[in-house]
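This report describes a structure for a reader who meets it here for the first time. The sequence and the model are shown below.

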Amino acid sequence: MPVRCVPEKRFDVSVKSLLEMRHLIEEWEDLCKRSLEDVVYYTPVYTLALLDTVCNGDQVQFVVVQDGPVLMALLPVVIARLPVPAIMAAGSAWMSDYTFSTVPLIDRTCPIEAADGIIDGLQKLRRGEWLLPAANIDGQCSQVLIRAMERRGMPWSKTGRFERASISRGKNFEDYVSGCIGSKRRRELERCRRRLEELGKVTHEIHTSEAGLNQALQAFLELEVSGWKGKQGTALASKPATRNFALSLFASSDESLRRRVDLLLLDGKPIAAGMIVLCGDTGFTIKGAYDEKYSKYSGGLLLEIEVIKSFLAGTWAKRLDAATAGDHVIDQLWFDRVPVGNLVFSFSRFAPSLRLNIYVRSLELRRQVKEWLKRKLQR
């Protein structure tokens with residue numbers, strides 16, 4: 001049953017441990033169904049898959065807003081051990097290498113009051129500066145948090161903006177391809193498809209449950225670790241912890257989170273694979289992989305064309321989110337854009353606007369240093 005909101009109602013706010021959240025799984029899942037935005041990364045299945053394998057759950061706390069037993073908002077957070085700058089008390093929404101958005105779960109029936117509860121919880125945890133990295137900064141959750149901040153006269157800022165690829169339903173496949181993908185790119189992909197078909201039968205498979213999903217996941221893991229990601233040690237199967245994360249997320253029998261693996265096969269052998277998890281009406285890509293022996297045939301992009309075709313013709317999602325941290329090859333095929341960036345605010349009692357400005361500059365400096373180091377390594 002949807003929760004009816006009493007105007008200006010104040011909810012109960014607490015900070016809970018991971019152990020305490022394990023006793024609220026049913027309530028947590030119910031909040032996900034009522035969330036203002038689809039936030040797959042903070043669903044119980046996704047969050048626990050990470051905290052039980054890759055991440056240290058002891059460092060994560062959960063700001064929880066409740067109306068009696070009903071969860072109205074939730075945000076997992078961490079407190080920086082060495083805040084930047086060091087004079088500040090910095091906190092952040094919890095994020096991992098496999099988390100691409102940090103907006104909280106906020107009940108859509110009374111979002112302002114639920115957002116107020118999140119702000120109360122963050123203040124209770126730590127006065128000072130707080131960061132929500134890689135947030136959908138123009139989305140509804142960010143907007144209600146900003147409104148809650150402004151009602152209290154607290155300063156906030158958006159920084160580190162970039163655009164993430166997305167695709168929404170509306171056009172049929174033929175209109176999308178002709179209207180959104182340039183003629184040169186279309187000809188290249190058509191030529192790659194023809195050349196690949198000269199080698200054998202090319203097929204596309206979709207796996208969403210049981211044995212088929214598990215087998216498709218294994219195919220993905222083998223493809224990814226056999227390529228450059230395996231050599232760099234960044235493939236999911238390169239380390240036991242990340243492999244267990246993938247198994248926990250995709251091989252689980254838990255039906256509260258929908259999962260999908262797409263395969264492109266040549267004579268029945270997988271040569272490209274893509275992983276998607278779905279929350280509400282949105283599908284979020286996790287990772288893609290391809291057999292590098294067929295790299296000149298653009299197997300990864302040919303698979304993406306099949307995913308687009310399935311998406312536009314089907315009803316399994318209303319939007320796909322590329323879940324990237326910036327420029328990506330998928331930008332060539334997905335042409336909607338979602339603004340992403342850092343949402344930063346200050347709860348300091350002393351000169352909050354000044355402190356916020358200093359903190360934002362420190363984040364920008366850190367971003368510039370990372371980009372400089374990345375360019376140096378690529379030379």
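Helix H3 (residues 44-51) is mostly covered, with eight of its eight residues buried; buried means under 20% relative accessible area, exposed means over 50%, and partly exposed lies in between (1.4 Å probe, protein chains only). Helices (H or I, at least four residues) and strands (E, at least two) are DSSP runs, numbered from the N terminus. The model is predicted, so local features need pLDDT of at least 70 and side-chain atom pairs count only at pLDDT 80 or more, whereas totals for chains, interfaces and linings use all residues. Residues are numbered from 1 along each chain as its sequence is written, and side-chain values use heavy atoms, with hydrogens and water left out.

**Helix H3 and its surroundings**

The buried residues of H3 are Pro44, Val45, Tyr46, Thr47, Leu48, Ala49, Leu50 and Leu51. These buried residues pack against helix H1 (18-22), helix H2 (25-34), strand E2 (61-67), helix H10 (240-250), strand E10 (269-279) and E11; contact here means heavy atoms within 4.5 Å.

**Aromatic rings**

Tyr46 also belongs to a cluster in which ring pairs link Tyr41, Tyr46, Tyr98, Phe100, Phe245 and Phe284. Rings of Phe, Tyr and Trp (its six-membered ring) pair if their centres lie within 6.5 Å; planes under 30 degrees apart count as stacked, over 60 as edge-to-face and the rest as tilted. The structure holds ten aromatic pairs. In the pair of Phe345 and Phe347, the ring centres are 5.5 Å apart and the planes stand at 50 degrees, so this pair is tilted. Both Phe345 and Phe347 are buried.

**Salt bridges**

The structure contains 19 salt bridges, a salt bridge being a side-chain nitrogen of Lys or Arg within 4 Å of a carboxyl oxygen of Asp or Glu. Three of these pairs are set out in the table, each with its N to O distance.

| Lys residue | Acidic partner | N to O distance |
|---|---|---|
| Lys158 | Asp138 | 3.2 Å |
| Lys229 | Glu224 | 3.8 Å |
| Lys287 | Glu224 | 2.8 Å |

Lys158 forms its salt bridge with Asp138. Lys158 lies in strand E7 (residues 156-168) and Asp138 in the loop between strand E6 (129-136) and helix H5 (140-151), so the pair ties together parts that are 20 residues apart in sequence. Lys158 is partly exposed, at a relative accessible area of 33%, and Asp138 is partly exposed as well, at 40%.

Glu224 takes part in a salt bridge with Lys229 and in another with Lys287. Lys287 lies in strand E11 (residues 282-290) and Glu224 in helix H8 (residues 210-225), so their pair ties together parts that are 63 residues apart in sequence. Lys287 and Glu224 are both buried. Salt bridges that share partners also join Asp116, Asp120, Arg151 and Arg152 into one network. The relative accessible area of Glu224 is 3%, while buried Lys229 has a value of 19%.

**The setting of Arg259**

Arg259 is found in strand E9 (residues 258-266) and is buried, with a relative accessible area of 7%. Which residue has its backbone oxygen 2.8 Å from a polar atom of the side chain of Arg259? That residue is Leu249. The side chain of Arg259 also reaches the backbone oxygen of Leu257, at 3.1 Å. Beyond its neighbours within four places in sequence, Arg259 is in contact with His207, Thr208, Leu213, Leu249, Phe250, Ser252, Asp254, Ile276 and Val277.

**Surface patch and backbone angles**

A nonpolar patch on the surface is formed by Leu365, Val369, Trp372 and Leu373, which together have about 390 Å² of accessible area. Patches are made of residues with over 30% relative accessible area and no salt bridge: like charges are joined within 9 Å, and nonpolar side chains (Val, Leu, Ile, Met, Phe, Trp, Tyr) within 5 Å. Accessible areas come from the Shrake-Rupley method with a 1.4 Å probe; for residues, only the protein chains shown count as cover. Trp372 lies in helix H12 (residues 352-378) and is partly exposed, with a relative accessible area of 44%.

Ser298 has a phi near 55 degrees, a positive value in a residue other than glycine. Ser298 is placed in the loop between E11 and helix H11 (299-313) and counts as partly exposed at 23% relative accessibility. Phi of Ala323 is near 50 degrees, again positive in a residue other than glycine. Ala323 lies in the loop between strand E12 (319-321) and strand E13 (336-346), and at 6% relative accessibility Ala323 counts as buried.

Methods
Polar contact = N/O pair within 3.5 Å; in protein donor to acceptor, adjacent residues only side chain to side chain.
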